[in-house]
Amino acid sequence: MSAGPVSGFPFTAVVGMDDSKRALECALINPSIKAVLIRGRCGSAKTTLARAVGSITDRMVVNCPLNITDEQLFGGIDVEQAMRTGEATLQPGLLSKADGNILYIDDINLMDRGMLAGILDVIATGVVNVERGPISSSYHCDTTLIATMNPDDCDVSSHVLDRFDLCAYSPEMTEEQRASILQRNMEFCDDQEGFLKSFSKTEEAERRKMATASKILSMVTISDELIDVISELCIKVGADGLRGDLAMVNCSKSLAALNGRDEVMKKDVEEAAVLCLPHRRNYDQPPPPPEEPQEQDEDDGQQQNDDQNETSEQDEDQQQYDDHQDDLEQNGQPPMEMPDLEEMMFEIGRQFRVIDYLDSNERLPSRTKTRKGRRVMAISADGTGRYARSKIPVGDKRDIAFDATLRAAAPYQNVRERNGLSFVIEPQDIRTKVRERRSGNTLLFLVDASGSLGVRKRMSTVKGAILSMLKESYVKRDRIGMMAFRRDSAEMILPPTKSVEYSYKCLEEMPTGGKTPLSEALIRVNEYMTAYARCHVGERCFVILVTDGRANVPLQEGKDANEEVQRIAEDIGVPNVRWIVVDASGGFMRFDNAQRLAEKMGARYFRLEDLDADRFAEGVKAAIDS
């Protein structure tokens, strides 16, 4: 094995990661593309690929560690100069080294939100403005940001994602790719210099391709028809603002230049859509209009297929009810409630990768003692967590920030009586640390287990979606509870716990059938979460209501159950408790009961199918091909 310092892993030697490679190539040749994000699970070569860009460009890769402070990153007072002259002058931060180079941040989702916002502002403006104490200064920083993240740790807000021009996802590796990765890794470890030499020609060819593309880029044109396609795609995914449109145009031009063409083609737009749109999808869009009924012969064929699969008397009763339900919906009549015959038990349906339905990226209130987790950033009140910044203390002066204290005292050393001391600190110079750490949430699933969700075995789909959310919450170390409502009451079947196995058992054994006491469920869960929030001050809690929104059991006899539910929803409100409504309705016709319920509560609204993060790629491809 060779000794001595050697270069990193070659860019062209990384197996797979084609989307990520194209995104990085586009950013390196196009100054208008300022930020690239690579998302993927641990061990998928995100970091290796990002750091390898230094081998195909003359620009230096400047690494920004997560434990960096504001002063180290943006700049602060020059302590040595202040002690020598008594003048407060600016000492530029790490971003000054990134000027004209590439700024790289690993696990950017774990970075302080305020610091990340400052970095993205610098990337957009090219200027670092420092306003700290007696310092008011600025310096230039023209750089390209390359960042990586593992969404299993925690995600970032949709606003932050939108600031990244391109976002690539690490794919699953095939058996052949895995074998190739192992082979190349062993060769690199055994003889690094020889391995680099074996890829020197491909690296040089990559550099020439990039240089040629940079020259062609200014001559690349795009037709009005393709611009219309880009705008249509951005509208379909609900992208806010125009960053998505601009990113797609710049990316399409870059892809054309990399392919040696001076005109954008449709396939460039298709490839750009994969890099520019998935992370900008807006899941809060209004639901699409109801689908048209299928042709009668298709229904008959499906009916024959279902009849072949019916093996029990209970399933036959269910099928008869479904047929009547279809007739009602096709005639424009409201669906009837499932008859309360026997309790039905539905299996757990297909599971999937869940979107960030909580949007849990805002900072918690200060001075809280929340449980440790992997969901949101909390300001610690117990002395644990990373040192994020300093502050002027109020009251007790514990957990002193010595670096900030020294910087505050440095400009006054020339005018203070030292009395033989090398450095004099006075009470007004003291600064204390502000610590932050990741925290978990409490999620209470309020599940509609009435007979209306037995229609077309919809409850099986509901259980699959809930289990997908439960697993995602388990990874984020959330506390999970479950309450179900059916017949004439709501029942707490699982108090908040961290046991995903017990949650699965309760979900699997949850029966379905009977009427829908939605009013009773809202009242009871509101009372429970009010008491829970009082015992867990500062903890962020969510109630995820999974229902079709149609009630038929009023609290007051003779009242309209649906109108009563809407009135109750307007009065529901518990501090630090947020509501999410998941519309579980299905069929040819969709009723807006669940959506109106979400509006009354001020809750986020999702259709059950919108929770599936993997449906997006198919939707984009279908939109392009149409």
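Colleague: Angles under 35 degrees count as roughly parallel, over 145 as roughly antiparallel, 65 to 115 as roughly perpendicular and the rest as oblique. What are α1 and α10 to each other?

Modeller: This is a predicted model, with local features needing pLDDT of at least 70, side-chain atom pairs 80 or more, and totals for chains, interfaces and linings using all residues. Residues are numbered from 1 along each chain, and side-chain values use heavy atoms, without hydrogens or water. Helix α1 (residues 18–29) packs with helix α10 (residues 200–217) at about 55 degrees (0 to 180 scale, N-to-C directions), their axes being 9 Å apart. The two helices are therefore oblique.

Colleague: Which residues make the contact?

Modeller: From α1, Arg22, Glu25, Leu28 and Ile29. From α10, Glu206, Lys209, Met210, Ala213, Ser214 and Leu217. Contact is heavy atoms within 4.5 Å.

Colleague: New topic. What order do the strands of the open sheet take?

Modeller: The six run β15-β14-β13-β16-β17-β18, with mixed pairing (at least two DSSP bridges). At the edges are β15 (489–497) and β18 (604–607), each pairing on one side only. Neighbouring strands are turned by 15 degrees on average, direction ignored.

Colleague: And in which sense do β13 and β14 pair?

Modeller: Parallel, over seven bridges, joining residues 442–448 to 479–486. Leu446 sits opposite Met483 of β14.

Colleague: Which strands does α19 lie across?

Modeller: Helix α19 (residues 518–535) lies across β13, β14, β15, β16 and β17, at about 30 degrees to β15. Helix α21 (residues 593–601) also packs on the sheet and touches β16, β17 and β18. The direction of α21 makes about 170 degrees with that of β17.

Terms used
Helix = DSSP H or I, 4+ residues; strand = E, 2+ residues; numbered from the N terminus.
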